Every structure is written in structure tokens, then in C-alpha cells.
Amino acid sequence: MARPEFNYTSFDVTDKDILYEDNHLIAVNKRAGDIVQVDDTGDESLDDKVKKYIAQKYNKPNGAFLGVVHRLDRPVSGVILFAKTSKALERINKMFKGREMHKTYYAVVRKKPYPESGTLVHWLVKNPQKNVTKAHDKEVQGSLRSELSYKLVAELNGYYLIEVDPITGRPHQIRVQLSTLGSPIVGDNKYGYPRGSLRKSICLHARKLTFIHPVKNEPVEIIAPVPRDGFWEKFEGMMVG
């Protein structure tokens, strides 16, 4: 059985967790600790929780359709989008593959990045047995090209807030690429931070998702409030979006 990256307490999805919903899509502010889809830990997955929420809200005794279109690492918080219809699922999948979904993350680090802004390109190889991704400066066998842009936004009491815009979507991409830059994310001892967080999470938050609605053909912007944990709130006013 796989070991989670931290101790886990499960909470049901409620109205306050919903960031956006219509007949086709539903977006949730994921808590750090939730797994998006079921794995061999046996913990209840976020997609099952959202299905349960929809079934109860709309009185669907036979259950609700829900399509997973992207994922967030377990210790990461923030906006995650699901499809409520098969038509929306198919179209959103194409949009993700076509890089038509714009994602903005914020990370907190202790070591100031140098340079303070730029683009990182690596070739990543994931070890599924250890659940660790390694970054290479050039293409190697089995690697996937990984690219993101970043910029230093603010500094507070020796902590640095970085805005990250991933161009590709690879497992552990932001975590390993910032670590390779020399600025591991606070609490992420898997990728070079000296200790795990007392909050049993890492300081990486999926802040914003913007796209053209796959059915309504109108712009959508979804923003996820940061966790209310006594730490993240100090940075929220410094975020651009």
C-alpha cells in the first residue's frame, strides 16, 4: 500500500468548497491532503466526494456523472475543475491537451530565486515506485519536456512568494523545477526543503484557472482563496490575481 506524504483527515465537500458550478462544469477549492482520484492508500478521493455532493444536492439516487480532467498533487491546495457531462469532459480534455487552459500557481520558498523571473525548461522522468520526479537539463530516455515561467512577487519575513505559470502539465513539475532552481517549496522535503511542514502540506496553491467555456463559449475565470491556516493569508493580498 502506498504511503501518503502526510497524515490525512478527510472532510466532505460542501457549498463553501465550490468555486464555480453550472450544468457542465464544477470547480472545487481542493484542500491539501485530498487525493483527486482513488489510489492504493484506500483514502476517499476528491472525485468521489464531489460525486456525493452533486448526488445529494440534486437528489440523484443513482449517482452523478463526474469526469476528471486534471489533477493536483496530494499536498497541494487550490482550484481543480471537473466535468459534469460527457460533452464537457471531451471538450475540456482537448483544451488541456491544446494548452488552452491557463493556470496560475503561487509558491512560497525560503531561498530567493535567481534570477528573480524567467522560464525553466527541463526533461522530467518520474519514478512511479518512489513517486519522485527527477529533472534533467537535456532529453534522456523516457523523459518529458517540462516548461514553466515564474516571477518573484513579494518577500515577507524571509519568505518569498513566487507566481508560477506552467506551460506543460507534468507530475510534480513545479515542485521539482523550483527545487532545481535552488528554491524548494516550503514544507516539500521530498524535493529539497530541509523539513516537512507542521501543517502537513506544502506551500503550493493553484490560485487561478482561466479558459473559454467549452459549451457556452464565454470566458471563465476561477480564483481559489488560499487556505485559512494562519500562514497563507499573509500572502493573499500580495497576489496579482
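Biologist: Which residue stands opposite Val164 in β9?

Modeller: Tyr150 stands opposite Val164, and the strands concerned are β8 (residues 144–156) and β9, which run antiparallel and are joined by 8 bridges. This is a predicted model, in which local features need pLDDT of at least 70 and side-chain atom pairs count only at pLDDT 80 or more, while totals for chains, interfaces and linings use all residues. Residues are numbered from 1 along each chain as its sequence is written, and side-chain values use heavy atoms, with hydrogens and water left out.

Biologist: What makes β5 and β9 a pair of strands?

Modeller: Two strands pair if DSSP finds at least two bridges between them, and β5 (residues 102–109) has 5 bridges to β9, in the antiparallel sense. In β9, Ile162 is the bridge partner of Ala107. The names themselves come from DSSP runs numbered from the N terminus, a helix being H or I with at least four residues and a strand being E with at least two; by that rule the chain has 4 helices and 11 strands.

Biologist: Why is β9 called mostly covered?

Modeller: Buried means under 20% relative accessible area, exposed over 50%, and partly exposed in between, with a 1.4 Å probe and protein chains only; in β9, 7 of its 8 residues are buried. Across the chain, buried residues make up 49% of the 241 residues.

Biologist: Why is the contact of Tyr159 and Phe231 called an aromatic pair, and of which kind?

Modeller: Rings of Phe, Tyr and Trp (its six-membered ring) pair if their centres lie within 6.5 Å, and planes under 30 degrees apart count as stacked, over 60 as edge-to-face and the rest as tilted. The structure holds 2 such pairs. For Tyr159 and Phe231 the centres are 5.2 Å apart and the planes stand at 75 degrees, and the pair is edge-to-face. This pair links distant parts of the chain, with Tyr159 in strand β9 (residues 159–166) and Phe231 in the loop between β11 (219–223) and α4 (233–236), 72 residues apart.

Biologist: How do you know that Phe231 and Phe235 form a pair of another named kind?

Modeller: Their ring centres are 5.3 Å apart and their planes are at 55 degrees, so this pair is tilted. Phe231 has a relative accessible area of 9%, so it is buried, and Phe235, at 1%, is buried as well. Tyr159, Phe231 and Phe235 form one aromatic cluster.

Biologist: What makes you say that the charged end of Arg110 sits over the ring of Tyr159?

Modeller: The rule asks for NZ of Lys or CZ of Arg within 6 Å of the ring centre and within 35 degrees of the ring normal; the charged end of Arg110 is 4.2 Å from the centre of the Tyr159 ring and is found to sit over it.

Biologist: How do you know whether the radius of gyration agrees with that of a compact globule?

Modeller: The radius is taken over C-alpha atoms, and the globule rule is 2.2 Å times the number of residues to the power 0.38. With 241 residues, the rule gives a value near 18 Å, and the chain has 18 Å, so the two agree. The C-alpha atoms fill a box of roughly 50 × 40 × 35 Å, taken along the principal axes.
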